[in-house]
Amino acid sequence: MSSEEIGLAAGDAEVVLAPGNGGRVAGLRVGGVELLRQGERFGCFPMVPWCGRVRDGQFLSGGSVQQMPLNAPPHAIHGTTREGAWRVARHDATEAVLTYDLVEPWPYPGRVTQVFSLTPDALTLTMSVEAHDSSFPAQVGWHPWFNRTLTDGGEDVRIDFRPAWQEERGADHLPTGNRVDPRPGPWDDCFGMPDGVDVTLTWPDRLELKVASREEWVVVYDEQAEAVCVEPQTGPPNGLNTHPRLVTPIDPLEASTTWTWRRL
């Protein structure tokens, strides 16, 4: 762990946070076994002030069209904070608070706060967005990269969930607006879970981990050989345009997700 990282520990669970690398969870070890894919682009990063792709990098706010950099041409993807440096507001052995002041290219001043709380069998991530003066649409979410296997030669993780619908995905990787019956994977898709996100990852004979959130949207991505992603978020991809959540100076946007694990 570098001097720029923060360590949390509870029981045999250890978390490493990297404030200077997008405020991400750089590592989560349970009983000495790393659950998150390692590397500066991986771990688990916050998606804010939007999640997934925004069509052509454009969204409408206050009657004007705002343009974001096309970092996944022809779209903009995953917000503006995952490569920035976050400030450490406070931390102790089991909890840390990080903040990030929204700056260009995001056109509206505001602050994002992340709280990380660790217990021996769970990690809770909470994120909020506050507007300083002007109101604006926003989303928040999390993009964890869970290792597909926990040991060399170990079995692949199994993903179990019961979504109410799947967002039909167009050729441009964005939802078409149609809801369809959930289809078998592999996935790079958004699903609706109106009773809250509830996804179970099982590494056979090793570990079970539940990803839960009161939010109703989750993107599942399992097209990569090394890792799978289960991403709770406050709206679907392109949600700044199709399901905007307005943040005002008196009404912040807040969401949380909890990962709970048990040995098998």
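This passage describes a sheet and two buried residues in a predicted model.

The sheet is open and holds 8 strands. Its order runs E10-E11-E12-E13-E26-E22-E21-E17, and the pairing is antiparallel. Strand E10 (87-91) and strand E17 (158-160) form the edges, each pairing on one side only. Neighbouring strands are turned against each other by 15° on average, direction ignored. Within the sheet, strand E13 (residues 122-131) pairs with strand E26 (residues 253-263) over 8 bridges, in the antiparallel sense. Leu-125 faces Thr-257 of E26 there, the two standing opposite each other.

Strand E12 (residues 110-119) contains Gln-114. Its relative accessible area is 2%, under the 20% cut-off, so Gln-114 counts as buried. The side chain of Gln-114 places a polar atom 3.0 Å from the backbone oxygen of Gly-23. These two residues are 91 residues apart along the chain, yet their C-alpha atoms are separated by 8.2 Å. Beyond neighbours within four places in sequence, Gln-114 also contacts other residues, including Pro-46, Trp-86, Thr-126, Met-127 and Trp-142. Ala-96, Val-97 and Leu-98 are among its contacts too.

His-143 belongs to strand E15 (residues 141-144). With a relative accessible area of 4%, His-143 is likewise buried, because that value falls under 20%. A polar contact of 3.5 Å links its side chain to that of Trp-145. Residues up to four places away in sequence aside, His-143 touches Gly-43, Cys-44, Phe-45 and Met-47, together with His-78, Cys-229 and Glu-231.

How values were computed:
Residues numbered from 1 in each chain as written. Predicted model: local features only at pLDDT ≥ 70, side-chain atom pairs only at ≥ 80, totals over all residues. Heavy atoms only, no water. Helix = DSSP H or I, 4+ residues; strand = E, 2+ residues; numbered from the N terminus. Buried < 20%, exposed > 50% of the residue type's maximum accessible area, 1.4 Å probe, protein only. Polar contact = N/O pair within 3.5 Å; in protein donor to acceptor, adjacent residues only side chain to side chain. Contact = heavy atoms within 4.5 Å. Pairing = 2+ DSSP bridges. Axes fitted to C-alpha atoms, helices over the stretch in contact; angles between N-to-C directions.
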